[in-house]
Amino acid sequence: MPSLLPQLSPSVTNQIRLDHTHVLTAFHQYEIGAPVRMKKGLADNICLALEIHTQLEEEIFYPALRAVADSEILRKSTPEHDEMRGLISRLRAMTVEDPAFDDTFFELLRHLMHHVADEETLLLPAAERLLPERLSDLGAQMTRRRLALAGPRTPELAGAVARSLSVGSMLAAGSAALAGAQMLMRHRHGDRLAAARDRYNRTV
């Protein structure tokens with residue numbers, strides 16, 4: 001039976017775009033005056049996402065594109081990843097209270113924005129032009145590898161996401177969960193009442 005993964009996974013180029021959107025959105029939530037817990041959570045979330053993203057590109061996307069269209073932009077992509085890894089290592093070694101933390105964080109953002117611009121205007125369109133028949137299969141490969149890389153780091157990711165939420169966000173999430181539980185209870189209670197009414201109607 002053929003795997004459904006190629007049909008269910010986004011194409012490799014769309015997965016890369018989604019990764020970019022996720023990381024840049026997290027970057028834009030970072031505020032210098034935010035609580036230390038939130039800044040730490042956002043930074044950890046971003047660092048983890050970038051570590052997985054860069055490894056996926058280097059293992060799957062870059063080799064496939066290099067096989068059909070090696071270019072200067074493609075050749076400099078891995079060294080750019082290495083620069084970002086260096087900044088990530090520096091961030092991980094710092095406390096949020098370190099005066100250099102914010103500067104290092106925003107330096108990572110500058111590197112990322114330059115890298116994303118090159119990929120989204122040059123490399124991804126090239127892949128869609130030159131590898132149209134392979135995009136789904138490469139996307140499935142990327143999904144499988146992503147699960148393998150992210151699985152062991154799920155507790156780390158969950159902790160980072162929890163720390164990155166504002167009190168308002170946590171209260172909203174809690175309220176949504178409570179509302180959902182109440183709706184479920186009403187639904188179940190309503191089902192029991194309906195069943196009781198049916199039994200009564202059958203006996204009269």
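Hi everyone. Let's begin with a list of names: Lys-40, Ala-43, Asp-44, Leu-91, Arg-92 and Phe-101 are the residues lining the largest cavity. Helix H3 and helix H4, the latter spanning 72-93, are the elements that each give two or more residues to that lining. One thing to keep in mind as you look at the structure above: this is a predicted model.

How many cavities of 30 Å³ or more does a search of the whole structure find? Just one. The space in the largest cavity comes to about 30 Å³. Which element supplies the largest share of its lining? That is H3, with three residues. As for character, the lining divides into three nonpolar residues and three charged ones, with no polar residues.

Now please move along to another residue, Glu-58. You'll find Glu-58 in helix H3, which covers residues 36-66. Is Glu-58 buried, exposed or partly exposed? Its relative accessible area is 24%, and buried would need a value under 20% while exposed would need one over 50%, so Glu-58 counts as partly exposed.

Who does Glu-58 meet? Setting aside neighbours within four places in sequence, Glu-58 is in contact with Pro-63, Thr-78, His-81 and Arg-85. Take Thr-78 from that group: Glu-58 and Thr-78 are 20 residues apart in sequence, and their C-alpha atoms are 7.1 Å apart in space. With His-81 there is something further to point out, a polar contact of 2.8 Å between the side chains of Glu-58 and His-81.

That's my tour for today. Thanks for listening!

Conventions: Residues numbered from 1 in each chain as written. Predicted model: local features only at pLDDT ≥ 70, side-chain atom pairs only at ≥ 80, totals over all residues. Heavy atoms only, no water. Helix = DSSP H or I, 4+ residues; strand = E, 2+ residues; numbered from the N terminus. Buried < 20%, exposed > 50% of the residue type's maximum accessible area, 1.4 Å probe, protein only. Contact = heavy atoms within 4.5 Å. Polar contact = N/O pair within 3.5 Å; in protein donor to acceptor, adjacent residues only side chain to side chain. 1 Å grid on protein atoms, 1.4 Å probe; cavity = no way out; pocket = protein on both sides within 12 Å on 5 of 7 lines; lining within 4 Å. Points joined across faces, edges and corners; volume = space filled by probe spheres on them. Nonpolar A, V, L, I, M, F, W, Y, C, P; charged D, E, K, R; others polar.
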